[in-house]
Amino acid sequence: MAIEFIDRVTLHVSAGDGGNGCTSVRREKFKPLGGPDGANGGNGGDVILEVDDQTTTLLPYQRSPHRSAPNGGIGKGDLRHGAGGEDLVLPVPSGTVVKSADGTLLADLVEPGTRFIAAAGGRGGLGNAALASKKRKAPGFALLGEPGETRDLILEVKTVADVALIGYPSAGKSSLIAALSAAKPKIADYPFTTLVPNLGVVQAGDTRYTIADVPGLIPGAAQGRGLGHEFLRHVERCAVLVHVIDMATWETDRDPVSDLKTIEAELAAYEVDVAPGDDNTAGDLLPLTERPTLVAFNKVDVPDAQDLADIVREDVEAAGYRVFDVSAATHKGLKELSYALADIVAAERERRAAEAKEPVRTVIRPVAVDDTGFQIVEEHSADGPVFRILGAKPERWVRQTDFGNDEAVGYLADRLERLGVEEELFRAGAKPGETIVIGPDDGVVFDWDPTMVGGAELLAAPRGGDARLEESGRATRRERKAAFHERMDAKAATRAEFEAERLAEKALREEGEQG
């Protein structure tokens, strides 16, 4: 059964969300102060791309482009931590290049077993047992799990072979690879018979190498004409290029020398987009025009083809190419060509092995000690200035906060204050009551109140509440002083009234005694 070859797909991956932490207090007979026992949530599963030497196509991801890893389990009471989400491992063929949606190269996966984390799972939230401290002995809240990463990735397969056969359509490349190896490609007498690369294994003496039959190229291939980009990217990893020239073409406007110049121009115009120097990329690839190149005059068994080869040989060799007369039908010159390719492949392998032995200097760039990990950007809106807080820590803390729990909100305020956010807001010119946004885009909006006192020692509200967030009618000093004087005046007026009544009653009694 033939397997459809798919070498480019768009993959939508979603990592698992972290499980929420648990809020629980131990309740056991004869132990009234059992303390918090809420456990942590489990981490979400990662989505991982792994090179599998048994996988040859991206067809499963074209049919099912959306892949998601499982979420982490929620924490439970009695210190029962949530289960971690299982990683989702997606097998990909050797030679898979991973790009972001905007075309940025992320990884170049070649060696079997190589892994790349396509989407990282979210962290599990801490339970109230992990949040307990000397001052906050029984927290009435837990942290939420972080959402997993969601990404859109472009996967491209670039054939991993030692030798690439390139040339015009119907130049006999498929026939040549079938004669050199045990490969059985589709062969027909019309252009673009080969639409996907065919791989074969050649044994020449003690050297074994792979050879790829790349689909035909036409003028403008480097700019995408005739599926040029789809074909040229399969040449990028090959160590040796073989120009297969059709010596029996029936097109009157073509000749071997012009065919060679046209294909060379397309190779020069094509840019190898494998970034050098990264851990996940092959940084030893040379531009296509700088790689060892041979020329094979194919179909010399056809009448007059050998005469044409003898005529143009001098011009091609003058350009610096080593030329071989070959015939896929009679196997003429195939042994000489295969051994010449074996010598070049062996030399190229030695070169790459020598480069791999050179020590790589590891550069470590630690984060500065005074790096606060956030920045404040002032923006302007119709309602006035808006101060946006950007940074990994504040944004992560906001995602972990349960805003339906006042104590959790107060804990977030304490963390931001310890990080130095309030001090930086003062420096940025923020005033009380102005809008503060944490995170990009919409984010989480606050009305800044710098007079709010921080510290777990001020917790006087019931579990799950925070007295600082309650509406308090606390009067100012002037109002308290005015109220005090009002009370004193009212007391004085009441005493004066009682004294007047007492004197009036006394006067009446005296008049009664005299009468």
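Is Phe141 buried or exposed? I looked this up first and found a relative accessibility of 1%, so Phe141 counts as buried, where buried means under 20% relative accessible area, exposed over 50% and partly exposed in between, with a 1.4 Å probe and protein chains only.

**Entry 1: ground rules.** I am working on a predicted model, in which local features need pLDDT of at least 70 and side-chain atom pairs count only at pLDDT 80 or more, while totals for chains, interfaces and linings use all residues. Residues are numbered from 1 along each chain as its sequence is written, and side-chain values use heavy atoms, with hydrogens and water left out.

**Entry 2: the chain as a whole.** I noted eleven helices and 18 strands in the protein chain; these are DSSP runs numbered from the N terminus, helices being H or I with at least four residues and strands being E with at least two. Of the 515 residues in the protein chain, 42% are buried. I then looked at contacts between residues at least 6 apart in sequence, and 71% of them join residues at least 24 apart, contact meaning heavy atoms within 4.5 Å.

**Entry 3: the aromatic pair.** I returned to Phe141, since the structure holds one aromatic pair. The ring centres of Phe141 and Tyr411 lie 5.1 Å apart and their planes stand at 45°, so the pair is tilted. The criterion is that rings of Phe, Tyr and Trp (its six-membered ring) pair if their centres lie within 6.5 Å, with planes under 30 degrees apart counted as stacked, over 60 as edge-to-face and the rest as tilted. The pair links distant parts of the chain, for Phe141 sits in the loop between helix H2 (128-131) and strand E8 (150-157), whereas Tyr411 belongs to helix H9 (residues 406-419), 270 residues apart. Tyr411 is buried as well, its relative accessible area being 15%.

**Entry 4: H9 and its neighbour H8.** Staying with H9, I checked its packing against helix H8 (residues 392-399): the two axes come within 11 Å and cross at roughly 175°, which means that H8 is roughly antiparallel to H9. Here axes are lines fitted to C-alpha atoms, for helices over the stretch in contact, and angles run from 0 to 180 degrees between N-to-C directions; angles under 35 degrees count as roughly parallel, over 145 as roughly antiparallel, 65 to 115 as roughly perpendicular and the rest as oblique. H8 contributes Lys393, Pro394, Trp397 and Val398 to the contact, and H9 contributes Leu412, Arg415, Leu416 and Leu419. Sorted by class, the contact has six nonpolar, no polar and two charged residues, with Ala, Val, Leu, Ile, Met, Phe, Trp, Tyr, Cys and Pro counted as nonpolar, Asp, Glu, Lys and Arg as charged, and the others, Gly among them, as polar.

**Entry 5: H5 and H6.** How do helix H5 (residues 256-269) and helix H6 (residues 305-318) pack, and at what angle? I found an angle of about 45° with the axes 9 Å apart, which makes H5 oblique to H6. Pro256, Val257 and Leu260 of H5 make the contact with Leu308, Val312, Asp315 and Val316 of H6; by class these are six nonpolar, no polar and one charged. I also looked at Tyr270, in the loop between H5 and strand E13 (293-298), and it counts as buried at 10% relative accessibility. From Tyr270 to Glu236 the C-alpha distance is 9.6 Å, with their positions 34 residues apart in sequence.

**Entry 6: Leu58.** Leu58 lies in the loop between strand E2 (47-51) and helix H1 (59-63) and is buried, with a relative accessible area of 0%. Leaving aside residues up to four places away in sequence, I found that Leu58 touches Ile6, Asp7, Arg8, Val9, Pro93, Leu155, Glu156 and Val157. The C-alpha atoms of Leu58 and Ile6 are 5.2 Å apart, although the two are 52 residues apart along the chain.

**Entry 7: positive phi.** Asp78, not a glycine, has a positive phi of about 60°; this residue is in the loop between strand E3 (66-68) and strand E4 (88-92) and is exposed, at 57% relative accessible area. His331, also not a glycine, has a positive phi of about 65°, and I place it in the loop between strand E14 (322-325) and helix H7 (334-357), where it is partly exposed at 46%.

**Entry 8: the record.** UniProt, in an unreviewed entry, places the feature "binding site" at Ser174 and Thr194; its positions are given in the numbering used here, feature names are shortened, and annotations may be inferred rather than shown by experiment. In the model I found Ser174 in helix H3 (residues 173-180), and at 9% relative accessibility Ser174 counts as buried.
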